[in-house]
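This report looks at selected aromatic rings, one residue and one helix pair. Please keep the structure open while reading.

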Amino acid sequence: MAQTATINPDVLPHDLVPRKGHPKGLGVLFATEMWERFNFYGMRTVLALFLSQALMMGDENASIIYGGYLGLCYLTPMLGGYISDKYLGNRNCILLGGAVLALGQLVLFASASTFGSNLETAKTLMWASLGLQIFGNGFFKPNISSMVGQLYSKEEKSKLDSAFTIFYMGINLGAILGQFICPLVGDVVTNVQQADGTTKIVRDLTAFKWGFLAASIAMTLGTIIFFFLKNKYVVTPTGQAIGAKPDKNAVHEGEASQAKFTTQSVVLLFGLLVIFYFGIQYLSWDSIKYPLIEGKTGLSSYFGALALSPIKTYVYPFIYAAGLSLAIFILTDKSLTRVETQRILVLYVVAFFVIFFWSAFEQSGSSLTFIAEKQTDTRIFGWLMPPSMVQIFNGVFVVVFALPFSVMWLKLQRKGLEPISTVKQAIGLALIGLGYFIIATQVKGLQITDKIGIIWLVILYLLHTWGELCLSPIGLSLVAKLAPKRFGSLLMGVWFLGNAAGYALTGTLGALLPPTGDKFQTASEKGINLQGVLDKTIQPTTEQLAFLAEKKIPVTYPTFAGFTIHNLYEFFMVFVVLCVAAAALLYALTPLLKKMMHGVR
């Protein structure tokens with residue numbers, strides 16, 4: 001008679017018995033990402049102001065550089081993800097990326113320490129710093145997020161939405177610290193009473209360096225934490241290292257272990273990259289933005305445009321082209337099954353809609369910061385909050401609402417009422433649009449010296465936070481659920497391609513910000529009727545044009561998709577239309593996407 005074996009769940013492999021709660025490794029990744037986000041969001045609060053004022057680049061150029069920097073930060077994860085999957089593994093890439101990020105912030109500290117004595121050297125250091133941070137982020141970002149998914153066995157995948165929401169809380173706890181400390185030490189402002197009775201904000205430009213130094217210290221701390229704790233906690237219950245160098249002979253839950261790209265696929269990749277790059281560059285070139293080359297035609301006008309806006313002309317098309325060509329490249333893998341291909345296509349569709357979300361959401365670091373500085377009363381109970389610190393409300397609201405959202409999804413799941421990921425993301429887009437609609441109604445008819453109350457920016461950030469919690473952590477979870485294991489980090493990089501394109505669009509849209517009240521006041525002090533110049537009812541003199549150019553004050557209204565942006569109301573309505581239209585279309589596509597996900601929710 002055969003004996004019945006007794007099974008002890010405590011000694012079973014983790015693939016067979018789901019654990020209660022979350023693994024301790026999530027805490028290590030939580031802390032590592034928290035300090036990296038301190039570094040990123042802290043630096044970001046003052047970056048645009050530093051570029052615009054200390055380096056004297058103006059608001060429009062600052063927005064374009066800001067968007068290009070963010071876009072490249074989320075494009076390089078494709079490279080970092082590929083190198084991780086193929087050669088170094090998650091752990092080594094995180095350590096490499098963290099060290100380079102910390103170094104990049106130190107270089108930015110040097111830039112902010114030298115601009116007063118040598119502006120050109122400071123600009124060179126700034127470019128070097130951004131390059132280092134773009135490179136470092138490419139290795140850090142996809143690998144830390146990918147490792148969260150690897151902590152959970154196949155039987156525990158239902159915990160991923162909850163896990164990524166907790167992980168996302170760590171991101172925003174770091175963001176809160178960075179958005180408080182970096183502006184506190186790096187954006188030192190005072191209210192100065194003027195002769196006419198009005199007050200003017202005066203900023204100590206030399207303080208920017210302390211914000212960048214604080215960011216570097218935080219990144220160093222995060223890297224050290226990961227280095228010392230990874231071997232003890234970032235492991236499976238059986239002690240196997242998670243994120244080690246890839247094993248070419250490993251088989252992941254029945255899937256192929258290695259991608260199979262042919263020489264023809266590689267040739268196609270570079271061919272598409274070139275075609276998309278020059279095609280997008282040509283389509284996006286707008287000579288209206290470059291009044292100095294009006295009257296020129298052909299190559300002289302084309303190369304004149306390149307010289308006047310290298311970031312917009314070189315970097316933005318590369319971001320879009322790289323995203324498109326790399327996405328197609330992955331689909332040429334010969335090992336992909338039909339189900340895997342359709343799931344990857346779902347990721348691509350969702351990543352496309354994410355572009356519109358991030359292009360609107362990330363205005364917080366550029367146009368919304370400029371609005372906070374120039375047309376918002378930032379006093380809270382008598383304290384003058386530094387304009388760059390207004391962004392902190394997003395991080396505060398995420399920490400407050402992350403766990404309630406996680407609990408809400410779990411309760412809805414138990415009742416069979418939880419919406420699938422694409423519906424959650426459509427809701428997120430709609431909330432972003434609603435936030436901009438509210439702020440648009442407040443700035444409508446705003447006069448030159450008028451300011452809106454800070455409460456309206458607080459409400460905007462509350463709605464944007466709810467939208468973020470519906471979209472971003474759910475998107476990370478969706479990648480972990482849909483991506484074949486051999487493409488884990490690479491497809492996490494693909495997800496970030498949507499972010500990259502969105503951030504590039506952030507710069508383009510942020511540069512559409514029409515002249516704010518301070519620009520009209522500056523022009524008026526020199527006897528220039530800026531409103532008449534913009535409306536083309538007054539022809540400015542050569543001296544007046546030179547003055548406006550020196551002060552980085554535009555003489556034409558910005559345009560987008562054939563529409564002219566005359567005021568702040570029209571500027572914010574651009575985001576309302578884009579986000580609400582994207583939300584409606586994504587919701588309409590949900591039934592088709594649900595079929596293509598083959599059971600994944």
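## Phe212 and its ring partner

Phe212 is buried, because its relative accessibility is 0%. The model is predicted, and it contains 23 aromatic pairs. In one of them, Phe50 and Phe212 meet edge-to-face, with 5.3 Å from centre to centre and 75° between the planes. This pair joins distant parts of the chain: Phe50 lies in helix 1 (residues 25-54) and Phe212 in helix 6 (residues 208-233), 162 residues apart. Phe50 is likewise buried, at 0% relative accessibility.

Ring pairs also connect Phe50, Phe115, Phe208 and Phe212 into a cluster.

## A tilted pair

The ring centres of Phe109 and Trp210 are 5.9 Å apart and their planes stand at 50°, so this pair counts as tilted. Phe109 belongs to helix 3 and Trp210 to helix 6, with their positions 101 residues apart in the chain. Phe109 is partly exposed at 22% relative accessibility, and Trp210 is partly exposed at 41%.

## Ser111

Is Ser111 buried or exposed? Its relative accessible area is 0%, so Ser111 is buried. Ser111 sits in helix 3 (residues 77-114). Leaving aside residues up to four places away in sequence, Ser111 touches Phe50, Ala122, Leu125 and Met126.

## Helices 5 and 12

Helix 5 (residues 160-186) packs against helix 12 (residues 392-414) at an angle of about 165°, and the axes are 7 Å apart. The two helices are therefore roughly antiparallel. Their crossing is left-handed.

Residues making the contact include Tyr168, Met169 and Leu173 of helix 5 and Val398, Val399 and Leu403 of helix 12. By class, the contact has 13 nonpolar, seven polar and no charged residues.

Key: Residues are numbered from 1 along each chain as its sequence is written. This is a predicted model: local features need pLDDT of at least 70, side-chain atom pairs count only at pLDDT 80 or more; totals for chains, interfaces and linings use all residues. Side-chain values use heavy atoms; hydrogens and water are left out. Axes are lines fitted to C-alpha atoms, for helices over the stretch in contact, and angles run from 0 to 180 degrees between N-to-C directions. Helices (H or I, at least four residues) and strands (E, at least two) are DSSP runs, numbered from the N terminus. Angles under 35 degrees count as roughly parallel, over 145 as roughly antiparallel, 65 to 115 as roughly perpendicular and the rest as oblique. A crossing is left-handed if the near helix is turned anticlockwise from the far one by less than a right angle, and right-handed if clockwise. Contact means heavy atoms within 4.5 Å. Ala, Val, Leu, Ile, Met, Phe, Trp, Tyr, Cys and Pro count as nonpolar, Asp, Glu, Lys and Arg as charged, and the others, Gly among them, as polar. Buried means under 20% relative accessible area, exposed over 50%, partly exposed in between (1.4 Å probe, protein chains only). Rings of Phe, Tyr and Trp (its six-membered ring) pair if their centres lie within 6.5 Å; planes under 30 degrees apart count as stacked, over 60 as edge-to-face and the rest as tilted.
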